[in-house]
Amino acid sequence: LVGGAVNANIGAMLGLDFDLGVAVMDRYQYGDGNNQLGVSVYGGVDLVQAGVEYVLRTQKDAATRHFFYAKADFNVVENMTLGVFGGAMDLATADQNWYVGGNVGYTISGVTFKLNVEYGKSQSFSWIDNVNAFTADKGAGLWIVPSVKVAF
């Protein structure tokens with residue numbers, strides 16, 4: 001998967017001492033039409049931000065799926081961010097359809113380059129259903145996802 005996000009930090013735009021914002025992201029996996037469009041809201045201070053995200057996934061020849069996840073980003077070094085996140089598909093099946101991950105990013109002039117590492121079980125957020133080259137358990141696996149985030 002490759003992806004990108006646009007981030008509107010409303011708190012910074014209003015001159016507040018805390019961050020409050022909305023981000024829109026899109027990820028696409030070539031070859032099978034797997035597209036994931038997400039919207040998140042977040043809040044926090046410069047050191048740490050927490051948020052929740054909703055993702056709508058469409059895929060060629062497959063049912064539309066809904067994902068929900070929580071995340072936290074830590075700005076531990078100037079211009080560098082570390083993040084953790086986790087979530088599930090259609091909360092009623094969360095015990096069978098979940099994923100967790102982390103990321104590291106570096107910001108240059110309002111553009112953050114991120115690398116996510118994600119692991120999940122079954123019909124997860126980040127890969128083709130029932131196809132997996134990493135384990136014998138189909139539908140589970142590890143993915144590495146590069147992305148770019150632009151802040152306003």
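Which residue in β4 is the bridge partner of leucine 37? In β4, that partner is leucine 56. Before going further, keep in mind that this is a predicted model, where local features need pLDDT of at least 70, side-chain atom pairs count only at pLDDT 80 or more, and totals for chains, interfaces and linings use all residues. Residues are numbered from 1 along each chain as its sequence is written, and side-chain values use heavy atoms, with hydrogens and water left out.

Let's start with the strands. Strands (E, at least two residues) are DSSP runs, numbered from the N terminus, and two of them pair if DSSP finds at least two bridges between them. β2 pairs with β3 (residues 34-44) in the antiparallel sense, over 11 bridges. One spot to look for is arginine 27, whose bridge partner in β3 is glutamine 36. The two strands form a hairpin with four residues between them, and glycine 31 in that turn has a positive phi of about 100°. Carry on along the chain and β3 joins β4 through 10 bridges, again antiparallel. This hairpin has three residues between its strands.

Now for the empty space. Rolling a probe the size of a water molecule over the atoms shows where empty space is left. Here, a cavity is a set of points on a 1 Å grid over the protein atoms alone where a 1.4 Å probe fits but cannot get out; a pocket is an open set with protein on both sides within 12 Å along at least five of seven lines; and lining residues have an atom within 4 Å of a point. Grid points are joined across faces, edges and corners, and a volume is the space filled by probe spheres set on the points.

A search of the whole structure turns up two cavities of 30 Å³ or more. The largest has a volume of about 290 Å³. It is lined by 21 residues, with Arg27, Tyr69, Lys71, Lys114 and Asn116 nearest its centre. Elements giving two or more residues to this lining include β1 (2-9), β2 (19-29) and β5 (65-77).

The second largest cavity holds about 50 Å³ of space. Among the residues lining that cavity are Asn7, Tyr42, Gln49, Lys71 and Lys149. Two elements, β4 (48-58) and β5, give two or more residues to its lining.

Finally, the largest pocket has about 460 Å³ of space. Of the 20 residues that line the pocket, Gln49, Asn75, Thr107, Thr112 and Lys149 are the closest to its centre.
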